[in-house]
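Subject: Structure for you to look at

Hello,

I am handing over the structure we talked about. Please open it first, then read the notes below.

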Amino acid sequence: MSQPRTPPNGARDELSMGPAVVAGRRPRGAVWDALFAGLTRTAAGLVLVLMAAIAAFLVLRAVPALRKDTVNFFTATQWSPDDTPPAFGIGALAYGTVVTSTLALLMAVPVAVGVALYLTHIAPRRLAQPMAYLVDLLAAVPSVVYGLWGLIFLVPAIGPFSAFLSERFGWIPFFASDGIFGKSMFTASVVLAIMVLPIIAAISREVFRQVPADHIEAAYALGATRWEMMRTAVLPYGRPGVISATVLGFGRALGETIAVALVLSANYQITYRILTPGGNTIAANIANTYGEAGHNGRGALIASGLVLFAITLVVNLVARSVVARRKDLSGAQG
Amino acid sequence: MAKRIDISGLNVYYGSFKAVEDIGMTVEPRSVTALIGPSGCGKSTFLRTLNRMHEVIPGARAEGKVLIDDEDIYAPGLDPVAVRRMVGMVFQRPNPFPTMTIYDNVVAGIKLQGRRRKSELDGVVERTLKSANLWGEVKDRLAKPGASLSGGQQQRLCIARAIAVEPQVLLMDEPCSALDPISTLAIEDLIRQLKERYTIVIVTHNMQQAARVSDRTAFFNIAATGKPGRLIEMGDTHKIFSNPDERATEDYISGRFG
Amino acid sequence: MSTVVQAEPSRLMMSRSRLPRWALPLLGVLTVAGTAALFALTPLRGTADFVLIALPTYLLLQTIVVARVEGGRQARNRLATHALTLTFVVSLVPLVAVLGYTLTQGMRRFGLSFLTHSMRNVAESDPYGGAYHAIIGTLEQVGIAFAFAVPLGILVAIYLVEYGSGRPFARTVSFFVDVMTGLPSIVAGLFIYALWILTLGFRYSGFAGALALTLLMLPTVVRSTEEMLRLVPHGLREASLALGVRRWRTILRIVLPTAMAGIVTGVMLAIARIVGETAPLVLTVFGTNSINNDPFNGAQSALPLYIYSEAGQPNDTAIDRAWAAALTLILIVMLLNLAARLLAWWRTPKSSH
């Protein structure tokens with residue numbers, strides 16, 4: 001759309017019709033168009049700049065500390081970055097991070113998938129929406145409140161249950177203990193499980209709801225019971241979505257800081273005894289030791305944060321590639 | 001195998017809306033009965049009540065009698081799952097399970113019944129795919145996804161899946177409306193073969209198709225939008241298409257409305 | 001035709017045996033009665049134990065009964081239905097436990113004096129003191145984050161939907177928005193710490209915290225706005241363009257207003273998400289007991305930080321304050337959530353009944 005260089009009647013430029021543009025001058029409206037498009041493109045570019053800056057500044061601040069490290073950063077378990085000479089490694093931290101997150105998923109995924117199936121295919125239709133809202137509310141509770149609740153309520157409450165597990169199943173190495181329970185990796189993973197449950201449930205619910213009615217009817221028409229319908233039509237269709245939801249929940253659990261920091265009694269040992277006090281995670285260690293860390297200690301914490309960043313990046317990549325494959329699948333049938 | 005269906009005094013509701021009113025008809029075994037009529041006249045709704053598939057739609061309910069060989073499929077305490085095993089259904093759009101292979105699609109129903117012996121399943125797959133006129137085209141790629149077939153092949157796969165559980169009655173809800181003319185002819189051939197063994201009820205918008213494949217035809221109509229659909233006339237296809245009793249039937253068939 | 005003799009037995013008749021309606025409730029009552037008798041005769045005690053014994057017993061008995069009468073498939077169906085219903089109940093347990101506990105514990109200290117006093121010159125063992133300084137801090141930090149993240153996020157979303165769709169640059173940006181969604185909040189805090197405080201040499205401040213919160217809020221705003229913009233019918237844009245209205249005016253005058261209700265809902269949910277963030281603030285705002293109204297100078301407090309530091313104290317008085325602050329925070333988050341949902345519900349065209 002073009003308009004004369006000088007609108008004689010003062011008409012709004014973008015509504016007026018006029019002769020072709022005189023060569024060499026662009027109409028004013030077009031300039032605004034280009035400016036606005038440029039503005040949005042700049043904003044979009046800023047996202048890339050930010051992500052690059054995150055990586056760059058973490059590396060910049062981590063490298064000096066890593067240079068002074070006298071032990072292997074990836075495998076060593078001690079954390080004494082402000083000693084002379086400094087010695088720190090994320091072995092125990094990474095181990096604790098992965099163990100607590102994995103345990104949390106083991107607890108959360110079956111429940112979350114069950115909830116999603118219940119809400120999409122069993123719950124009374126009128127109630128399904130408010131019921132789903134209740135489950136979503138779990139995600140609205142701030143992590144520090146979960147931490148507080150975990151510390152004051154769950155830690156004492158989980159003691160007897162841990163004792164029971166340890167008495168009956170103490171012969172399984174994971175459940176061995178020396179009689180003290182509470183601020184353990186198990187407790188941390190229960191809190192994490194509660195926190196990732198609504199995320200996994202919400203995504204699973206979304207994919208289960210997208211199962212085409214055609215497939216559901218096909219299963220019923222073959223004489224399937226409701227459970228058989230879910231197994232033949234809903235679960236296979238939803239599997240990639242559930243997997244990527246699980247991976248996203250894993251990413252969330254890996255990075256959770258405050259709730260874990262409050263319920264773990266932190267140490268730097270690798271132990272498979274999940275019921276006894278101890279264990280640590282990368283994120284919780286940053287929050288716990290940041291206050292008293294010296295110059296090199298802060299660099300070391302940034303280095304550990306960089307590792308956490310890299311891990312969550314990979315985890316998110318995996319989740320995305322699973323979703324991408326699902327798109328291929330639905331493309332093939334269309 | 002095939003069974004006779006007696007319907008009397010059947011009303012179907014969606015919530016408080018009455019979709020179909022006071023249907024009574026008899027469907028003869030080993031025959032093809034076509035249901036025709038303008039859009040929204042309740043043909044598909046009615047078809048679904050013959051194997052209680054309408055119950056999958058929230059708010060839908062039926063009252064009245066549907067007897068299959070003198071057994072009321074709405075008898076209290078009767079499991080709809082058992083009804084559907086006896087009355088199979090083929091849908092408007094081909095709907096093979098996208099995550100399953102051709103082979104698994106065919107045996108999906110009988111696996112649910114707990115029959116899992118490989119040799120038995122192999123036999124069923126070959127037999128039903130042959131019945132569905134699809135064996136020659138897919139026998140070398142049974143392990144491929146069902147979604148890799150063409151639309152017409154997918155629909156024949158769905159027919160194979162439906163007859164693999166050995167139903168007595170086969171309901172078809174506009175099975176050709178999503179297909180090209182050549183695939184449509186293949187399905188129509190198949191319907192003519194299947195009626196040797198099954199009682200078939202087919203909903204179609206295509207009058208020529210009704211004339212080509214069916215033995216008897218039922219004409220449904222609505223008085224106005226928002227009014228329930230009713231059965232206007234039912235009789236031998238030949239008679240309905242050449243000399244119907246009702247004026248509305250004649251108008252519809254000759255294309256004066258609908 | 002009906003005279004054809006049916007050699008095979010009717011399959012319908014075979015499967016007709018179905019449990020009467022009262023059978024399973026009766027079984028439930030019997031199980032509860034049986035467990036109660038067991039508890040009366042043995043030293044077993046406690047509600048938790050009762051549920052843990054009665055529930056599996058009922059499921060087992062029911063499965064056996066249904067399997068005998070209706071067959072294995074129906075038994076599996078019922079068992080699955082019950083198990084799935086149970087997962088829903090299980091998922092509500094922590095919600096009720098956390099909210100209920102916060103409410104009962106928080107009410108001890110919650111009140112006007114708690115909301116209007118700071119912790120200046122208050123010892124941890126004192127039974128007074130409040131969260132006023134923390135509330136001020138949270139409002140300012142979230143307000144600044146809002147001012148940065150919302151315009152930026154909407155611009156990015158406009159680019160992704162209106163200009164960039166399908167281009168490699170847009171796909172890259174979209175990918176990194178996803179990555180940003182998964183960014184752990186502590187890493188966002190570390191980044192601002194490394195950039196703003198260590199490299200640029202600024203001091204701890206509410207503003208530094210707000211920068212970290214911006215990073216966490218941005219992807220949520222982009223994603224929800226993007227989704228809403230995509231819902232605007234294409235015909236609307238074309239109608240406007242066909243009138244000779246320029247693209248940027250079409251976007252600002254037609255597309256954005258159409259999507260506005262949804263965008264506002266998304267923004268409210270994004271705020272609700274960052275209001276409770278603690279980890280990034282630990283590294284950037286640091287926390288203080290005094291009122292600091294200036295977000296650009298010096299350490300501030302914030303509600304989540306306040307909860308975190310009070311929770312770490314050994315005194316019951318401090319723990320009570322932590323709960324009262326948790327209650328305050330949850331009230332803010334829930335109100336935001338509720339407002340967002342109400343707005344979404346109110347602006348959604350409802351079908352006429």
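The domain bounds used here come from an automatic or database domain assignment. On that basis, chain C is divided into domain 1, residues 20-106, and domain 2, residues 116-347. Please keep in mind that this is a predicted model.

Domains of chain C

The C-alpha centres of domain 1 of chain C and domain 2 of chain C are 42 Å apart. Six residues from domain 1 of chain C and six residues from domain 2 of chain C take part in the contact. Between them, domain 1 of chain C and domain 2 of chain C bury about 580 Å², and 80% of that area is on carbon and sulfur atoms. On the side of domain 1 of chain C, 65% of the area buried against domain 2 of chain C is supplied by C:Thr102, C:Gln105 and C:Gly106. No other three residues supply as much.

The rule finds zero salt bridges across the interface of domain 1 of chain C and domain 2 of chain C. The count of residue pairs in polar contact between domain 1 of chain C and domain 2 of chain C, both at pLDDT 80 or more, is also zero. By class, the side of domain 1 of chain C that touches domain 2 of chain C has three nonpolar residues, three polar residues and no charged residues.

Chain B against chain A

Here 25 residues of chain B are in contact with 20 residues of chain A. The area that chain B and chain A bury between them is about 2000 Å², with 67% of it on carbon and sulfur atoms. B:Phe97, B:Pro98 and B:Leu112 supply 29% of the area that chain B buries against chain A, more than any other three residues.

How many salt bridges does the rule find across the interface of chain B and chain A? There are two. In a salt bridge between A:Asp214 and B:Arg93, the side chains meet at 2.8 Å, N to O. Three residue pairs are in polar contact between chain B and chain A, counting pairs with both residues at pLDDT 80 or more.

Four elements of chain B give two or more residues to the side that touches chain A: helix 2 (80-86), strand 6 (87-90), helix 3 (102-112) and helix 6 (151-164). By class, that side of chain B has 16 nonpolar, four polar and five charged residues.

Regards

How values were computed: Residues numbered from 1 in each chain as written. Chains lettered and ligands numbered in written order. Predicted model: local features only at pLDDT ≥ 70, side-chain atom pairs only at ≥ 80, totals over all residues. Heavy atoms only, no water. Contact = heavy atoms within 4.5 Å. Buried area = accessible area lost by both parts, 1.4 Å probe. Salt bridge = Lys/Arg side-chain N within 4 Å of Asp/Glu carboxyl O. Polar contact = N/O pair within 3.5 Å; in protein donor to acceptor, adjacent residues only side chain to side chain. Nonpolar A, V, L, I, M, F, W, Y, C, P; charged D, E, K, R; others polar.
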